[in-house]
Amino acid sequence: MAVTEKYTEEELVLQLQNRSQQAFSYLYDNYAGALNGVIVRLVDDAALAEDVLQEAFLKIWNNFSSYDASKGRLFTWMVNITRNLTIDTLRSKGYKKQQKISADENSVSNYTDGTGKDKFDALGIKNQLVNLKPEQRSIIDMAYFGGFTQEEISKQTGVPLGTVKTRMRTAILELRKLIT
Amino acid sequence: MNVQEIISSGLLELYAADIATDAERQQVEIWRQQYPEVAAELSAIELGLENYATANAVPPAANVKDKLFAQINTAAAPVVNINTQPAKVVAFNGWKWAAAASIALLIGSAFFNYSLYNKVENATAKLTEAEQQLNVAKLEADAMKNDIEVVKQGLQVSLKGQPQMPDAKAKIYWMTGNGDVMVDASNLPDAPAGKQYQFWAIVDGVPVEGGLIITNDKGKKFRMQKMKSFGRAEAFAISLEKEGGNPTPTEVVSVGAVTKI
């Protein structure tokens, strides 16, 4: 999401580089939900998910000097930190990637919370996402939320490596259209 | 690949989703720096994914933010990983330092004790030495006091060297009270090898043996020494005799008459 309310992304980055806790508070208010979305997609345990979120923001704060705006958007950097931390935490606790993110396209599209209800809807996911084809959503979820490698995605979905690339591209093109 | 081919390759999407291989990542980073269109496209892709994440946002638990800010405002604010590795390291270092400190203290204390012990030993030795010196001085003082008494109370008779040995001088202190005779032999030359001084009292014109005089014992000069006691005598004499002495004097070297009291 674009930072429009109070800071431009450049201003926010500058403030954070100057260790402004006010800017950090703003960062949290605007990004914690999106980052938490990544975490809870992988972590079942609510308390553990909270710990991971807190830890992710602590890492962001402590390592902010290593963020390089010329190498990508701020959120991209933050979501990579969060995703890697989440996966590392689960791994250290003996979880397997597959536990929550299914490799099966259909099961991802019918992602449920165990009550048969679509978890996306349960979480209030925007209806705009309906335009995303199930196989597109599957591939994005596996990559963006699951931290799967291309090869793993290819193996799990039975889709050739080259197709993973093109499918990824069309899925993201769709995302770029959907929300602004 | 031209810019359009790069954009449509799907590699930028893999890169943005953080699932590019290392080789692909390096390639994309070069392209991004090389072509502004690639950079713009990447930015748009990232924004698309960002929007997807926002659409899937899940509001965090209310207390997480407070805990987070409490944590970053803690003085030490260490990076506490969930596996608590840094905390362990910090704790371990603490023990290490504590152990090192106590070992240093122990060594310091041992050294201090050792040096104290040495000082006490030194002091004790010095005290013993001082006591011995004091005893020696006391003995010397007693002897000197004795000599002074002799000089004060005794009748002094000066013996003069005879022509064959003019420097054979000695002083006799004759205690009038008890008849003790003391010889101060310090002015007598050392007796020649194989010879010894012998003391005589002349009583009624006859020399009476009064004992051997020791002038030098292992390099130490003898001062006052007690001879035999005489009730009466006209004169005193010292002769040189063979070692062990003779019953009668053979070579008188020093003579002094007793002056009338």
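Visitor: Which residue lies over the face of Trp61(A)?

Guide: That's Arg19(A), at 4.0 Å from the ring centre. Keep in mind that this is a predicted model.

Visitor: And what makes Arg41(A) count as sitting over a ring?

Guide: The cut-off asks for the CZ of Arg to be within 6 Å of the ring centre. Arg41(A) lies over the face of Phe145(A), at 4.5 Å from the ring centre, so the distance part of the rule is met.

Visitor: Why are Phe24(A) and Phe57(A) called an edge-to-face pair?

Guide: Two checks! Their ring centres are 6.1 Å apart, and a pair needs centres within 6.5 Å. Their planes meet at 65°, and over 60 counts as edge-to-face. So edge-to-face is the right name.

Visitor: What parts does that pair tie together?

Guide: Phe24(A) is in helix H2 of chain A and Phe57(A) in helix H3 of chain A, so the pair ties together parts 33 residues apart in sequence. Both residues are buried, and they belong to one aromatic cluster with Tyr28(A), Trp61(A) and Phe69(B).

Visitor: How do you know that Trp174(B) and Phe236(B) are edge-to-face?

Guide: Try the same test: the centres are 5.4 Å apart and the planes at 85°. The limits are within 6.5 Å and over 60 degrees, so this pair is edge-to-face as well. Trp174(B) sits in strand S2 of chain B and Phe236(B) in strand S9 of chain B, 62 residues apart.

Visitor: Which residues have the most contacts inside the largest nonpolar core?

Guide: Phe24(A), Leu27(A), Phe57(A) and Ile60(A), in a core of 77 residues. Helix H2 of chain A gives the largest share, 13 residues.

Definitions and conventions
Residues are numbered from 1 along each chain as its sequence is written. Chains are lettered from A and ligands numbered from 1 in the order in which they are written. This is a predicted model: local features need pLDDT of at least 70, side-chain atom pairs count only at pLDDT 80 or more; totals for chains, interfaces and linings use all residues. Side-chain values use heavy atoms; hydrogens and water are left out. A nonpolar core is a set of buried Ala, Val, Leu, Ile, Met, Phe, Trp, Tyr and Cys residues joined through side-chain atoms within 4.5 Å. Buried means under 20% relative accessible area, exposed over 50%, partly exposed in between (1.4 Å probe, protein chains only). Helices (H or I, at least four residues) and strands (E, at least two) are DSSP runs, numbered from the N terminus. Rings of Phe, Tyr and Trp (its six-membered ring) pair if their centres lie within 6.5 Å; planes under 30 degrees apart count as stacked, over 60 as edge-to-face and the rest as tilted. A charge sits over a ring if NZ of Lys or CZ of Arg is within 6 Å of the ring centre and within 35 degrees of the ring normal.
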